Amino acid sequence: MVFALILATLFSTTLLTLTILLPTILNKLLIDTFPDYSLNLEEVEKFVCIARPLGYISLGITTVLIVLGFILKSGELHF
């Protein structure tokens, strides 16, 4: 019982620490890959125009997979 409590506390503390630190670490790693648009609205609009079709395609594929799941009435989709 005490061992489980110690492990649960350790796991919770680790998750809390990663929740705080991981976004900062990822930001430092990805800052060179993705440009910082800050207040340059023209660049933001250009990026959104490029990214929007990808988002719509992803939404469509996800919707089709959900509908197929309901039609096949199974937990898994077998190809």
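This is a short tour of a predicted model, from its overall form down to a few residues.

**The whole chain**

Let's start with the big picture. The protein has two helices and zero strands. Its radius of gyration is 21 Å, while the globule rule gives 12 Å for 79 residues, so the protein is more spread out than a compact globule. If you lay the C-alpha trace along its principal axes, you get a span of about 55 × 45 × 20 Å.

How much of the protein is buried? Buried residues account for 0% of the 79 residues. As for the surface, the accessible area adds up to about 7,500 Å², and carbon and sulfur atoms own 75% of that.

**The two helices**

Here they are side by side.

| Helix | Residues in helix | End-to-end C-alpha distance | Expected span | Kink |
|---|---|---|---|---|
| H1 | 29 residues | 41 Å | 42 Å | about 35° at Leu-21 |
| H2 | 32 residues | 45 Å | 46 Å | about 30° at Ala-51 |

H1 runs over residues 2-30, and H2 covers residues 41-72. At 1.5 Å a residue, H1 should span 42 Å, and the 41 Å between its end C-alpha atoms agrees with that. H2 likewise comes close to its expected 46 Å.

Where do the kinks sit? In H1, the bend at Leu-21 comes shortly before the proline Pro-23. In H2, the bend at Ala-51 comes shortly before the proline Pro-53. Once H2 is over, Lys-73 follows just after with a positive phi of about 50°.

**A closer look at Pro-53**

Pro-53 belongs to helix H2. Is Pro-53 buried or partly exposed? With a relative accessibility of 41%, Pro-53 counts as partly exposed, because that value falls between the 20% and 50% cut-offs. From Pro-53 to Phe-70 is 17 residues in sequence, and 26 Å in space from C-alpha to C-alpha.

**A nonpolar patch**

Which residues form the nonpolar patch on the surface? They are Leu-16, Leu-18, Ile-20, Leu-21, Leu-22, Ile-25, Leu-26, Leu-29, Leu-30 and Phe-34, and together they have about 960 Å² of accessible area. Leu-21 turns up here too, the residue where H1 has its kink. Another patch member, Leu-26, lies in H1 as well. Leu-26 is partly exposed, with a relative accessible area of 40%.

Note on methods:
Residues numbered from 1 in each chain as written. Predicted model: local features only at pLDDT ≥ 70, side-chain atom pairs only at ≥ 80, totals over all residues. Heavy atoms only, no water. Patch = residues over 30% accessible without salt bridge, like charges linked within 9 Å, V, L, I, M, F, W, Y side chains within 5 Å. Areas by Shrake-Rupley, 256 points an atom, 1.4 Å probe, with all protein chains shown as cover. Salt bridge = Lys/Arg side-chain N within 4 Å of Asp/Glu carboxyl O. Helix = DSSP H or I, 4+ residues; strand = E, 2+ residues; numbered from the N terminus. Buried < 20%, exposed > 50% of the residue type's maximum accessible area, 1.4 Å probe, protein only. Expected span 1.5 Å × (residues − 1). Bend = angle between axes of the 7 residues up to and from the residue. Rg over C-alpha atoms; globule rule 2.2 N^0.38 Å.
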